[in-house]
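Okay, thanks for having me, everyone. Let me put the structure up, and then I'll walk you through it bit by bit.

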Amino acid sequence: MNFPFFPTEASKVAVQVDHLYFALLCLSALTMIMVFGPMIYFLFKYRRGNKADRRPVRFSENTIEITWTLIPAILFIGLFAWGADVYWIIERPPAEAMEINVVGKQWMWKIEHPEGNREINELHVPLGRNVKLILASQDVIHSFFLPEFRIKQDVVPGRYVELWFKAEKLGTFHLFCSEYCGTHHSAMHGSVIVMTPDDYQKWLTQGAPGPTMVQEGEKLFREYGCSGCHVNSTAVRAPPLEGIFGHPVPLQTGQIVTADEGYIRDSILLPAKDIVAGYTNDMPSFQGHISEENLMKLVAYIRSIANGMPQQPPAGGWK
Ligand code: CUA
C-alpha cells in the first residue's frame, strides 16, 4: 500500500496493521455514510412546508430488528477477530528470535547486544531476522515506539517487557519515546538501522565489544557477592542457580513459579518476595544498589548457566 499518510511499512506486521487500520477506516466511513446520508436526505424531504407523505409506515419489526442487529454485529465481531489475530502476532515473540536488551532512562534508550555491543538511541539489527527486545526502565514510564514497524510498548519500571519485530527493509527508521517522561521527553528519540546480516556481523565485530553480556554478568555475580552464597561449594545455604533458568521453582508458599527474567530480577531486588521451598531468606535486597543494565547482565549470566554450564553466544549471535 502506498498511501502517503502512512509511514513506510518496514515489516510484515506493519502491512498487517495497516490493512486492519484501512478496513477500520472504510467500515467507519461506510457506517457514517449510512447514518448521515439518510439523515440529510430526510432533513430536506420532510422539512416544514414540503409536500411529503407523512403517514406512518409499518415495516415488519422483526425483520428490521434482526437485520440491523445482525449485519453490524457480524462486521464488528469480524473486526475484533481480525484485530485479535494481529495483536496475537505482535504480542508473542517467536521462540527463535535473537535478543537485544533495552533500558529506557531519562532521557535516552540504552541498548546492549548479547555480544557486548552497546549503543545509545541507535538500534542496529539484521534484515529478515526476528528480533526480540527485552525492555526495562531505570526511572519512569517510557514507551518504546517504532512507527515504521507499527509497534509500541510501554516500558514500566519494576518489570521486564518484551517486544519483537522482523525488519523487511534496509534503511534507517524512527525510534521514539512516546510517553511523556519529563523535561527532555521530546529529545528521547533515535533510529533503528536495518543492515544486511553480513553488515550486521561486521558491525558487531567492528564495535570491538569487550566482554559479552554473559561475561560481564559473571563478573558482576562475583563483585556483588552473589557467588559467595549461590555457588554450590559454599557453607551458606542459598539455592544454587545452575540449571534454574526456564525451569519451575517450588516456593515456600506451595506455589510453583517459572524462573524467567522477571523472576530472577525480582529475586535480586526483592529476595523476600518469593522464597524457595526449603530455604529461609538471608539475602539482602539489592534494590537501589544495582542499575537496570547490570541487572540485565546478571540475568543473562544466570540464564547462561541454565544447563549447568556458562554459555556464550554462538558465532553469528543468538538465533
Ligand atoms: Cu522517555 Cu518520553
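So, I'd like to start at one particular residue, Asn121, which is buried, with a relative accessible area of 17%. The cut-off for buried is under 20%, so Asn121 makes it at 17%. Before going on, please keep in mind that this is a predicted model.

Where does Asn121 sit? You'll find Asn121 in the loop between β3, residues 118–120, and β4, residues 122–126. Its backbone is worth a look too: phi is positive, about 60 degrees, although Asn121 is not a glycine. And what does Asn121 touch, once we skip residues up to four places away in sequence? The list is Met108, Trp109, Leu175, His189, Gly190 and Ser191.

Some of those names take us straight to the next stop, strand β10, which covers residues 189–195. β10 is mostly covered, with 6 of its 7 residues buried. Let's look at its partners. With β9, β10 pairs in the antiparallel sense, over 6 bridges. Within that pairing, Leu175 has Gly190 as its bridge partner, and Gly171 has Val194. Remember that Leu175 and Gly190 are both on the contact list of Asn121.

Now β4 and β10: parallel or antiparallel? They run parallel, joined by 5 bridges. If you want a pair to click on, His124 stands opposite Ile193 in β10.

One step further out, β9, residues 171–177, also pairs with β6, residues 142–146. That pairing is antiparallel, over 2 bridges, and there Phe144 stands opposite Cys177. While you're looking at strands, a general reminder: in a regular strand the side chains alternate between the two faces of the sheet.

Just along the chain there's another residue with an unusual backbone. Arg150 is in the loop between β6 and β7, which is residues 151–155. Its phi is near 55 degrees, so to speak a positive value in a residue other than glycine. Is Arg150 buried or exposed? It's buried, with a relative accessible area of 14%.

And one more backbone detail: the peptide bond from Gln106 to Trp107 is cis, with omega near 0 degrees. Trp107 itself is in the loop between β1 and β2, the latter being residues 108–112.

Okay, helices. Let's take α6, residues 261–269. Of its 9 residues, 8 are buried, so α6 is largely enclosed by the rest of the structure. The buried ones are Glu261, Tyr263, Ile264, Arg265, Asp266, Ser267, Ile268 and Leu269. What covers them? The cover includes β1 (98–105), β5 (130–137), β11 (248–250), β12 (256–258) and α7.

That last one, α7, spans residues 292–304, and Asn294 is in it. Asn294 is buried, with a relative accessible area of 18%. Leaving aside neighbours within four places in sequence, Asn294 is in contact with Leu220 and Tyr224.

For a residue in another setting, go to Ser60, in the loop between α1 (12–45) and α2 (61–91). Ser60 counts as partly exposed, at 44% relative accessibility. Here's a distance to try on screen: Ser60 and Leu163 are 103 residues apart along the chain, and their C-alpha atoms are separated by 52 Å.

Right, let's zoom out. Overall, the protein chain has 7 helices and 12 strands. Why do we call it more spread out than a compact globule? Its radius of gyration is 27 Å, well over the 20 Å that the globule rule gives for 319 residues, so the chain is more spread out than that. Along the principal axes, the C-alpha atoms fill a box of roughly 100 × 50 × 40 Å.

A few whole-chain numbers to finish. Buried residues make up 39% of the 319. Among contacts between residues at least 6 apart in sequence, 66% join residues at least 24 apart. The chain exposes about 18,400 Å², and carbon and sulfur atoms supply 61% of that. As for charges, there are 28 positive and 32 negative ones, and their mean positions are 10 Å apart.

That's my tour, so over to you.

Technical notes. Residues are numbered from 1 along each chain as its sequence is written. This is a predicted model: local features need pLDDT of at least 70, side-chain atom pairs count only at pLDDT 80 or more; totals for chains, interfaces and linings use all residues. Side-chain values use heavy atoms; hydrogens and water are left out. Helices (H or I, at least four residues) and strands (E, at least two) are DSSP runs, numbered from the N terminus. The radius of gyration is taken over C-alpha atoms; the globule rule is 2.2 Å times the number of residues to the power 0.38. Buried means under 20% relative accessible area, exposed over 50%, partly exposed in between (1.4 Å probe, protein chains only). Contact means heavy atoms within 4.5 Å. Accessible areas come from the Shrake-Rupley method with a 1.4 Å probe; for residues, only the protein chains shown count as cover. Lys and Arg count as positive and Asp and Glu as negative; His and the chain ends are not counted. The place of a charge is taken as NZ of Lys, CZ of Arg, CG of Asp or CD of Glu. Two strands pair if DSSP finds at least two bridges between them.
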